[in-house]
Amino acid sequence: MDKGLVIKNTGSWYVVATEDGRVIECKVKGNFRLKGIRSTNPVAVGDHVSISVNSEGTAFITAIADRKNYIVRRASNLSKQSHIIAANLDQCMLVVTVNYPETSTIFIDRFLASAEAYRVPVHLVFNKVDLYSEDELRYLDALVGLYTHIGYACHKVSALGGEGIEGVKAALEGKITLFSGNSGVGKSTLINAIVPELKLKTGEISAAHNKGMHTTTFSEMFPVGGGYLIDTPGIKGFGTFDMEEEEVGHYFREIFEYSAGCKYGNCTHRHEPGCAVREAVEKHYISESRYLSYLNMLEDKDEGKYRAAY
């Protein structure tokens, strides 16, 4: 029985890197039933697995080690099942742009809230700094100030010009990192700037993806700096899974912090008397954009208008 790490999922088999340095294509043995997850794919990139290789050279995954975390997206609007994108992440890099195209703060905050719920730390990577006007750079600096203050690491980079790339590389050292971002923000260009030898691979992935592969998402992880980088074609962000209304505020760090002072324990911070969160917004201790994103998540419980992005 060998142990290894799942580094690629092709849909029909899994590629496992074993502890002794081999790379083996494996099928799944039998029917995995994972506790509490109804999933279209029992095994995910990032899983630590046990495999058995038989004399004909075919290999099967026979067991999955416990995961420290995992992220999912819904398989479809109608299905209650999920697709596990990746498991055992140390962090996520969310690539965002303040123009060309503009990433909305609502999108950023939804992503951050979902990542908090999955217990995955996030770095925000502000790309295309070489293209911005003075006003756009001021806005970018304001966003960096806001998110740094809340406790999220921020990087200002130009994937094309090379600015800030070393800082991102340093943050990847020894960690398993998922890259994500809306289309058009330059995620592939950034990955190529970090790991130039992947140029061909990311091109192949996006070309295949553009031929309508978006119904299923295959992730792949690439070694970088003693860790791994996971690129997920077609994923624009985590699906915000079904949070209860009173839970949403737990995943906005500063709202959670101030909510301790609310008069009512189940305060939704909308209209209740004695709400410490609304008071903090009025006094500018909590930014208005974050509070609006929070309200947006409460209003948009069915997530209909965000579905299209996945």
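Which residues in H3 meet which residues in H4? In this predicted model, Ile165, Val168, Lys169 and Leu172 are the residues of H3 that meet Leu190, Ala193 and Ile194 of H4. Sorted by class, the contact of H3 with H4 has six nonpolar residues, no polar residues and one charged residue.

The geometry of this pair of helices can be described as well. Two packed helices are described by the angle between their axes and the distance between the axes. Helix H3 covers residues 165-172 and helix H4 covers residues 187-194, and their axes come within 10 Å while crossing at roughly 80 degrees. Because an angle of 65 to 115 degrees counts as roughly perpendicular, H3 and H4 are described as roughly perpendicular to each other.

From the helices, the reader can turn to the backbone. Most residues other than glycine have a negative phi, and most peptide bonds are trans. Against that background, the bond that joins Tyr100 and Pro101 is a cis peptide bond, with an omega of about -5 degrees, and Pro101 itself lies in the loop that runs between strand S8 (91-96) and helix H1 (105-117).

Two histidines also deserve a look. His269 is not a glycine, yet His269 has a positive phi of about 65 degrees, and this residue is found in the loop between helix H6 (253-259) and helix H7 (276-282). His284, again not a glycine, has a positive phi of about 65 degrees, and the place of His284 is in the loop between H7 and helix H8 (288-299). Are these histidines buried or exposed? His269 is buried, with a relative accessible area of 5%, whereas His284 is exposed, with a relative accessible area of 65%.

The next topic is the pairing of charged side chains. Side chains of opposite charge can pair when their charged atoms come close. The count for this model comes to 15 salt bridges. One of them is formed by Lys68 with Asp90, where the closest N and O atoms are 2.5 Å apart. This pair links distant parts of the chain, since Lys68 is in the loop between strand S5 (59-64) and strand S6 (70-74), while Asp90 is in the loop between strand S7 (82-87) and S8, 22 residues apart. Asp90 is partly exposed, with a relative accessible area of 24%.

Helix H6 takes part in two of the pairs described here. In one, the side chains of Glu116 and Arg253 meet in a salt bridge, at 2.6 Å from N to O, and the pair links distant parts of the chain, with Glu116 in helix H1 and Arg253 in helix H6, 137 residues apart. Both ends are partly exposed, Glu116 at 21% relative accessibility and Arg253 with a relative accessible area of 31%.

In the other, the side chains of Arg290 and Glu254 meet in a salt bridge, at 2.8 Å from N to O. Arg290 lies in helix H8 and Glu254 in helix H6, so this pair ties together parts that are 36 residues apart in sequence. Here Arg290 is buried, with a relative accessible area of 0%, and Glu254 counts as buried at 9% relative accessibility.

Salt bridges can also be followed through a group of residues, and in this model Asp2, Asp20 and Arg22 are linked in a network of salt bridges.

Key
Residues numbered from 1 in each chain as written. Predicted model: local features only at pLDDT ≥ 70, side-chain atom pairs only at ≥ 80, totals over all residues. Heavy atoms only, no water. Axes fitted to C-alpha atoms, helices over the stretch in contact; angles between N-to-C directions. Helix = DSSP H or I, 4+ residues; strand = E, 2+ residues; numbered from the N terminus. Parallel < 35°, antiparallel > 145°, perpendicular 65-115°, else oblique. Contact = heavy atoms within 4.5 Å. Nonpolar A, V, L, I, M, F, W, Y, C, P; charged D, E, K, R; others polar. Buried < 20%, exposed > 50% of the residue type's maximum accessible area, 1.4 Å probe, protein only. Salt bridge = Lys/Arg side-chain N within 4 Å of Asp/Glu carboxyl O.
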